[in-house]
Amino acid sequence: MLADYAVRVEQSRGRRYPEPQHPYRNDFQRDRDRVIHARAFRRLEAKTQVFTRRYSDHFRNRLTHTIEVAQIARTIAAQLGLNVDLVEALALVHDVGHPPFGHAGEKALDTAMRAHGLFFDHNLHALRIVEDFELRYAAFRGLNLTFEVREGIIKHSHEYNATEFPELAEYLLDRRPPLEAQLIDVADEIAYSTADLDDGYEARLLNLEAVRAGVPVFEEFYREAEHTYPDAIEKLKFNEALKRVLDRWAGDLISHTEKQIRAANVKTLEDVRSCSQRLVSLSPAVEQERRGAKEFLYKNLYFSAVLDPEKDDAERVIAELFDFWMKKPDKLPSSYLEKAASEPLARVICDYIAGMTDNYIYEQHQKYCVTKV
């Protein structure tokens, strides 16, 4: 049963290009399926989350991270009475706009774009992907997703101003996104904050003592695991503690969001949209735990000197390829060269690079930027 404040698929604002109803899938289920079958979604498998495959094939990439976000978000949505189909579609599409090399790649692309008076935003790029770049249907460009999914792509984690972004005016920028979209941002934070502790430990860039000392909530649950499973190996005790952290945060997100909804006297979707603040959130105490874990990760993992060479290499590869195509646009694929007739060349190059996998961008760099001896 959906809560009164949930998004109802039968009340969707629809698609940009009207289509007949499917006989056994609703529109949000069709959106989910279109995302899963998109080329941009498949490419996430070869895009870095935090660690490249140099460390291990077991670590998260953009695709496995996305699947974990979808699992967490679906579970929480069901408990809150939200539209699980919409939540799943939003979770699966939320990272399709990310470029290769994780956040290092995003930083490098944005730096290159700003030299030309432009910028890179992975949410806005995701919207370009689903509205234009994906070519699967004879009747229209893009995936022709419902308004609610397109709105969630740009509004799940960021507030955009209609004055600065007039091209986004149709997405009700002066109003809050539905709870289904709000949930994706927090589920994303919960997912990577716990997953990156796991991968960092597996990569031996984080040791158990440091995690226990730096993340108090983990220490609390590790002590419980030691007491319950005294003979288990260290890694299994680590797993037990981490899954309890995840469960604590997910459970708190459910209970605190319910509390926020009651306090704001939210009864309908219209109430959600007109609310003065976002309602999907952790309680202050648990939010402090999450922020503390994130700060620990930034200090001890994301900014680890061990990862600097790979990040520097990623930024160099993107910068050099961007510069190469700015000087020699004729070397771009014909489809992108055609787009340069109607869009700034820098934007076209950015679109091309952002869609690449880690492997493919190295191939292109080797082809165009490495001097042959």
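**Close-up legends for a predicted model**

**View 1. Tyr137 is partly exposed, with a relative accessible area of 29%.** Here, buried means under 20% relative accessible area, exposed means over 50%, and partly exposed lies in between, with a 1.4 Å probe and protein chains only. This is a predicted model, where local features need pLDDT of at least 70 and side-chain atom pairs count only at pLDDT 80 or more, while totals for chains, interfaces and linings use all residues. Residues are numbered from 1 along each chain as its sequence is written, and side-chain values use heavy atoms, leaving out hydrogens and water.

**View 2. Tyr137 and its ring partner belong to a set of 16 aromatic pairs in the structure.** The Tyr137 ring and that of Phe140 make a tilted pair, 5.1 Å from centre to centre and with 35° between the planes. Phe140 is buried, at 10% relative accessible area. Tyr298 and Phe303 also pair, this time edge-to-face: their centres are 5.4 Å apart and their planes meet at 65°. Tyr298 counts as partly exposed at 35% relative accessibility, whereas Phe303 counts as exposed at 58%. For these labels, the rings of Phe, Tyr and Trp (its six-membered ring) pair if their centres lie within 6.5 Å; planes under 30 degrees apart are stacked, those over 60 are edge-to-face, and the rest are tilted.

**View 3. Five aromatic residues join in one cluster.** Its members are Phe324, Trp325, Tyr336, Tyr352 and Tyr368. If you look at the rings in pairs, a handy reminder is that a pair of aromatic rings is described by the distance of the centres and the angle of the planes.

**View 4. Arg13 and Arg34 each lie over the face of an aromatic ring.** Arg13 lies over Phe147, 5.3 Å from the ring centre. Arg34 lies over the face of Tyr137, at 4.9 Å from the centre of the ring. A charge sits over a ring if NZ of Lys or CZ of Arg is within 6 Å of the ring centre and within 35 degrees of the ring normal.

**View 5. Phe28, in helix 1 (residues 27–36), is buried.** Its relative accessible area is 0%. Which residues does Phe28 contact, leaving aside neighbours within four places in sequence? They are Val7, Arg8, Val9, Ser12, Asn83, Asp85, Leu86, Ala89, Thr146 and Glu148. A contact means heavy atoms within 4.5 Å. Pro100, which is 72 residues from Phe28 along the chain, has its C-alpha atom 28 Å from that of Phe28.

**View 6. Helix 8 (residues 179–202) is mostly covered.** Of its 24 residues, 22 are buried. At 1.5 Å a residue, helix 8 should span 34 Å, and its end C-alpha atoms are 34 Å apart, which agrees. The expected span is 1.5 Å times one less than the number of residues. Arg204 follows helix 8, with a positive phi near 65°. Helices (H or I, at least four residues) and strands (E, at least two) are DSSP runs, numbered from the N terminus.

**View 7. Asn144 and Asn265 both have a positive phi of about 55°.** Neither is a glycine. For context, most residues other than glycine have a negative phi. Asn144 lies in the loop between helix 6 (122–133) and helix 7 (147–155), where Asn144 counts as buried at 5% relative accessibility. Asn265 is in the loop between helix 11 and helix 12 (269–274), and Asn265 counts as exposed at 51%.

**View 8. Ala263, in helix 11 (residues 234–263), is exposed.** The relative accessible area of Ala263 is 68%. Leu253 is 10 residues from Ala263 in sequence, and the two are 15 Å apart in space, C-alpha to C-alpha.

**View 9. Stepping back, the chain has 17 helices and 0 strands.** Its C-alpha atoms fill a box of roughly 65 × 55 × 40 Å along the principal axes. Of the 373 residues, 54% count as buried. Among contacts between residues at least 6 apart in sequence, 71% join residues at least 24 apart.
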